[in-house]
Amino acid sequence: MCTLEPDVIGIRGFELRLIRCTITFSQPSDSRHELESLDGHINDLLNSIERGNYVEALTSEPSFSLVFRLDGHESLPLDADRVYSELVHRAESFLRDAAAAEQRRRAILVMCIAIAAFLGFTQSNFTGPLKGTELSKCLLCLDGSDEWDNWARNQFMSAGSDLLGKFSNLQYLVLAKMLLMRMKDLSVEIGSLSWWLARVLLLQLRVLDERSSSLSDLLHVYMGEALQQFSTSKLVRSYWEDDLRDGESSAIVSVLHLEAGIMEYLYGRVDSCRMHFESAEMAAGLQLSVTGALGFRTVHQAEPKAQMVLVTNTSTSNVDNCPLTGTGMQTCDSNNGEDNWNLNQRETSEASDILRIPKLLENDDSKTRSQGMENGAHVTPSLTATQQAVILAYCLLIEKSSRHDELQRWDMAPYIEAINSQHLFYFTIRCLCDVLRIRWESSRSRTKECALLMMDNLVTMCCVLVSTLTWELYEHVIKKKSKEAFIAFKEALKFKRNSWQLWENYSHAAVDIGNISQALEGVQMILNMSNNKRVDCELLERITKEVEKRLSTSNVPPLITDNKPKTDQFCIVDPGSENQEQVSGASITGRSRETEQLLLLLGKVLQQIIKTGSGCGPEIWGLYAKWHRINGDLMMCSEALLKQVRSLQGSDTWKDRDRFKKFAKVSLELCQVYVEFFSSTGSIKQLSTAEMHLKNVIRQAQSFTDTEEFRDLQACYDEVKIKLQSNSMPS
């Protein structure tokens, strides 16, 4: 019997529908509400989210007009920080302007918008598939510049770490976090709010390259609140009562403990991780144990040998009656997709005589032989998505809690093979399982070729959905196998040449193996596809360093030696010509033709970016200055550095310590070039310019006198004054 008030039941019912979007298969509701009522607006948003159409949810009338009060003609600030602050402020006003009885319903509406942004980011970067309209570059289809992406990136990097890889639509995750945090600050009474906040922060942690201590504190607070609310089936049933489906409370508890365990895993807390995984296992109705059995692992094996097998005893009372699919765990929803997957698996199997799943002696009867079945079809029963996720989670625990050697991979093998044996598979889970299998098989000499083929198949399938997963593969599976990574991305580009993300990953892999010409080709493709708007400064810096390194090994003079401004800055030998030419008085004899071509191509790429100006930030001006310095043109180098200084300078420079340090380093480099120019030409003009610039910076930077950067500027200023005084003395 339900003991809750009708108003509470309605609000919690909306919460449950949102939770189901990440745990179980969700169908849009046919609930009848007045179209213009608040419940009607909430139902419309939920229907869009349940269909996976997050663009529709974010650009709907409730989101666009009711919460954010946008009319399509309003002129918002061009600065991303001010725009997003204004949007969050309007959402807060939408909540505050309601009576207590209506405030929680309004809060559900705002939470739907935040979760749509969160799930949209997750879908476009990790899980796929991209159904319908892809997310627009700027949230709510606002007219934002490329600087908005940089702003979103900096919001996450403020936690103290760079991003793990290349991610798209970061603005959506930023908005989700800002909205949920503001709701938390307003003490909105929604039981699942802390869980959603923990999920957003966990995903932020996942996209960072390092673990953040500040995020750790927040995660443990919000995950702790979520566990206090939903850590047992009894708590879940008491919260939602009659709205729950069969076995749904167990699935919710299991997923919550899985996420809590992954959080602890990421911070290396093995004991807490194990405790949560065991709770997830129990809630999912599983009893896992590894046992031994005689069987065959290779096609030509004559005698059976001991094999490790995962036994999964399931409790039917905890198994959901419906297939557990959802936004984060997609099934292969077409026969064509399943056929493609099975075809890839057959190709992988044929490349090696090693069986993907060992045949056990007990199952090796005539029926099994005729069907070609392996032990997984008999030993491992059909598992739900939650149960498969629990099994894979134990691989993480094994990886963290045991020695990193070949035995560790064999300890994971029974868990991997249990998932491989499933006939009903969930796309994301199968991909992650294959990632683990590639790690395992790439460490064995007999299966390396098979692992490479599997990686090619996986990258090819994933790049059709989301290219970020290919970066995940690169970072975690094959980072030490750069040649294989380059080949894999090259093959993937045959299927999707119009993906700038894939070209970016390809270029990074090319730099890893020293193939700079291919990397620059990738950069040019990205620029052409994005109308010169997409600029990967990190990639260009790696390329520039590699070119600089190759030139330094040749021990020859720079291209330009007279340090005078050039209208045509350099001339490069025609690659088809056999004749060497003189370039501004310096011979290129001794430099390889290939290196000269790389230098030329790098210059063209940098000039293409600078000419359009759209992606020309301080980092590009710094690289352009370095390129001119490689060519020996100190005048052009100083002009590029001056532009870099100006792009870094602003009112915040004298308030923000990190920003000042960056500005000071570039200023010092500029003035050192001025000094070097004076030393080679005797021109007093550059020396005077250096003195004036240093004097001005030192005067404004009195708040940072304790920094090493300030002391370096002061030392350079003293050196410049001495040189000026010496030059002014009569000979």
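1. Burial comes first: 55% of the 731 residues in the chain count as buried. Please keep in mind that this is a predicted model. The accessible surface of the chain comes to about 32800 Å², and carbon and sulfur atoms account for 49% of that area.

2. On the overall fold, the chain has 31 helices and 5 strands. If you look at contacts between residues at least 6 apart in sequence, 69% of them join residues at least 24 apart.

3. A word on confidence before you zoom in. The average pLDDT of the chain is 80, and 78% of the residues reach a score of at least 70. Two stretches deserve your attention here. Over residues 363-379 the pLDDT stays under 50, and the model gives this stretch 28 contacts beyond four places in sequence. Residues 556-590 also have a pLDDT below 50, with 67 contacts in the model beyond near neighbours in sequence. Where pLDDT is low, the predicted coordinates should not be read in detail.

4. For a local look, try Gln-387, which sits in helix α17, spanning residues 385-401. Is Gln-387 buried or exposed? Its relative accessible area is 2%; buried means under 20%, so Gln-387 counts as buried.

5. And what does the side chain of Gln-387 reach? Its partner is the backbone nitrogen of Thr-384, at 3.0 Å. Taken together, Gln-387 is a buried residue of helix α17 whose side chain reaches the backbone of Thr-384.

Conventions
Residues numbered from 1 in each chain as written. Heavy atoms only, no water. Helix = DSSP H or I, 4+ residues; strand = E, 2+ residues; numbered from the N terminus. Buried < 20%, exposed > 50% of the residue type's maximum accessible area, 1.4 Å probe, protein only. Polar contact = N/O pair within 3.5 Å; in protein donor to acceptor, adjacent residues only side chain to side chain. pLDDT = per-residue confidence, 0-100. Contact = heavy atoms within 4.5 Å. Areas by Shrake-Rupley, 256 points an atom, 1.4 Å probe, with all protein chains shown as cover.
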